[in-house]
Each structure stands twice: as structure tokens, then as C-alpha cells.
Amino acid sequence: MAISLKKIEQEAPQLIDLAKKADISLQKANLTNHQAKVALCLDISGSMASLYSSGKIQRFAEKILALGCWFDDNGSIDIFLFGANAHKAGEMTLANFKNFIPNVLNQYPLEGGTYYGKVMKMIRSFYFPLGRGESRKSAVASNKPVYVMFVTDGATADNSETEQQVKWSSFEPIFWQFMAIGKSRKDVKGEGLFGWLSKAFASDFTFLEELDNMSDRYIDNADFFSVEDPEVIADQELYDLLMTEYPGWVKLAKTKKLLR
């Protein structure tokens, strides 16, 4: 059961407009009253510095929190960080969301290196502790799925580990929504002639595209898009994008006995 708009308005009025927009996207996706755990997984490699210092990641996190309010009756999202290492950075809530990301960075400074696989293992271990984030070859069921918003601006140094984590987690009720920040061939805002020209000089997020389309999985458990700037995309469009593949995954996860 989602928390009410009245509660959001009382405790975090700054989020009410975002919450209403998220609700519109959920209604379109037929996910009204859907329950899930929401995690936001953030790249803290050094190249992300300007995105943090400008406040863009804080504002993006608020948008994910507004979505989480509809999925989670606690009105909170779990925050994970990755650079050279993986970190569980607590819960972002209606009570503590202001300056949450800057405060987190004071505790976990930006790191050199980018490793997806380490934090994916940590996330799997956190939500499904019996598996310890290791190899899995049979389905495990839960009442609530886990929706992971995974944000990065660059390639990982552990491709094979990441691929394994995606494959193993396909046997778990966990969905990975990858979003790359930077010019990319799959930039959702790169349309028309000028869009084509910019793609000619785009960053290479080929690996993330491969994760999106990877074979040899129990269920397709990932989606990917990229934006050059997380604030260029309108809030409503963002929420629609976040619901592109997830609703279909929910239906299939029930069929495949991942969701009770």
C-alpha cells in the first residue's frame, strides 16, 4: 500500500508534484497499488564530480524517492554507491531527503575506478541474503520485487563479473534499470539530424546495451537508456521511461514463479 499524497504533502511538500507525475506513469503502466522495494544505485567515481556538485544527482534522487513513495509504504528508498568499492549508504526518506546526497558524499568521497559487479552482488546479498550474491540456477520467489535504478557515467572494469550478476539475478525477483549519463548512441533525447551527428561522437555504452539484450537468462531482468544530462529530460518522460520494460517484467516474473 502506497503512502498517501496527503502524507507526502505534510512531510515533504517539495515532492508532491513529482509524486503526482510518477502516479500518472504508474497508472498508464497498470501498476496502481503495486508494491516493491526501490533501490537507487549511484556511481561515485571521480568523473561524476560535477553532477554531484551541481546538485543534479540530489534532484534525481528526489525523483526516484517520489516513485518509491508509491511502491513502498515506508516512503523510502535504499541507497547504494559504487566506485572502486561498493557501499550501502542507508535509506533516503521523506524525513531526511533534503541534502541527503551531499551528506552521503561527506561519508563516502568519490573514488577512482568503476565496478558494477561488486555493488550488484551487494544489492543481491542485501535483499536475498541466503544467496549471498553468488551463483544461482533456480528461481527464488518473494512477495515483493526489487526495482533497482542504476546510474553511471562510464564503463565498468569488471565486465565478466557484471554479466554473471545479471544472469544469476535473473533467477531472483529483481529488476535492473540502467541509466547512463553522457552522450550515447541510445540517448533518448538524441533525435533528428543533430541527434545523429551527436551520436557519431558519442560515449560508448555498448556494454550496457549488451546487458539489456543479454541471452542465457532465466528472465529478461534489465533495461537501459541514456541521457546526456539528467535534467534535460522532463519529469513525466523520465517516469514513463522507467516504466518501459518493468511492467512486462512483473507479469513474466509472476508466470515464472519469481513473484507470489
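Start by selecting Ser-76: is this residue buried or exposed? Ser-76 has a relative accessibility of 3%, so it counts as buried, the cut-off for that being under 20%. Keep in mind as you click around that this is a predicted model.

Now color strand S2, residues 76-82, and you'll see that Ser-76 belongs to it. Which residues does Ser-76 touch, if you skip those up to four places away in sequence? Show Leu-65, Glu-91, Met-92 and Thr-93, and you have them.

**Zoom out**

Next, show the whole chain as a cartoon. You can look for 11 helices and six strands in this protein. Its radius of gyration is 17 Å, close to the 18 Å that the globule rule gives for 260 residues, so the protein is as compact as a globular protein of that length. Turn it around: the C-alpha trace spans about 45 × 45 × 40 Å along its principal axes. If you color by accessibility, 55% of the 260 residues should come up as buried.

How do far-apart pieces of the chain meet? Take the contacts between residues at least 6 apart in sequence: 79% of these join residues at least 24 apart.

**Two helices**

Select helix H4 (residues 56-71) together with helix H5 (residues 100-107). They pack with their axes 8 Å apart, at an angle of about 120 degrees. H4 and H5 are therefore oblique to each other. To see who makes the contact, show side chains for Ile-57, Gln-58 and Ala-61 on H4, then Phe-100, Ile-101 and Pro-102 on H5. Five residues of this contact are nonpolar, one is polar and none is charged.

**Into the core**

Time to head for the largest nonpolar core, which has 62 residues. Which of its residues touch the most other members? Pick out Leu-40, Leu-67, Met-149, Leu-242, Met-243 and Tyr-246. H4, which you've already selected, gives this core its largest share, 10 residues.

Stay with Met-149 for a moment. Leaving out neighbours within four places in sequence, Met-149 is in contact with Ala-39, Leu-40, Cys-41, Phe-60, Ile-64, Gln-177, Met-179 and Leu-242. Leu-40 and Leu-242 also appear in that list of residues touching the most other core members.

For your last stop, select Val-148, Ile-174, Trp-176 and Ala-222. These are among the 26 residues of another core, which lies apart from the one you just visited.

Definitions and conventions. Residues numbered from 1 in each chain as written. Predicted model: local features only at pLDDT ≥ 70, side-chain atom pairs only at ≥ 80, totals over all residues. Heavy atoms only, no water. Axes fitted to C-alpha atoms, helices over the stretch in contact; angles between N-to-C directions. Helix = DSSP H or I, 4+ residues; strand = E, 2+ residues; numbered from the N terminus. Parallel < 35°, antiparallel > 145°, perpendicular 65-115°, else oblique. Contact = heavy atoms within 4.5 Å. Nonpolar A, V, L, I, M, F, W, Y, C, P; charged D, E, K, R; others polar. Core = buried A, V, L, I, M, F, W, Y, C linked by side-chain atoms within 4.5 Å. Buried < 20%, exposed > 50% of the residue type's maximum accessible area, 1.4 Å probe, protein only. Rg over C-alpha atoms; globule rule 2.2 N^0.38 Å.
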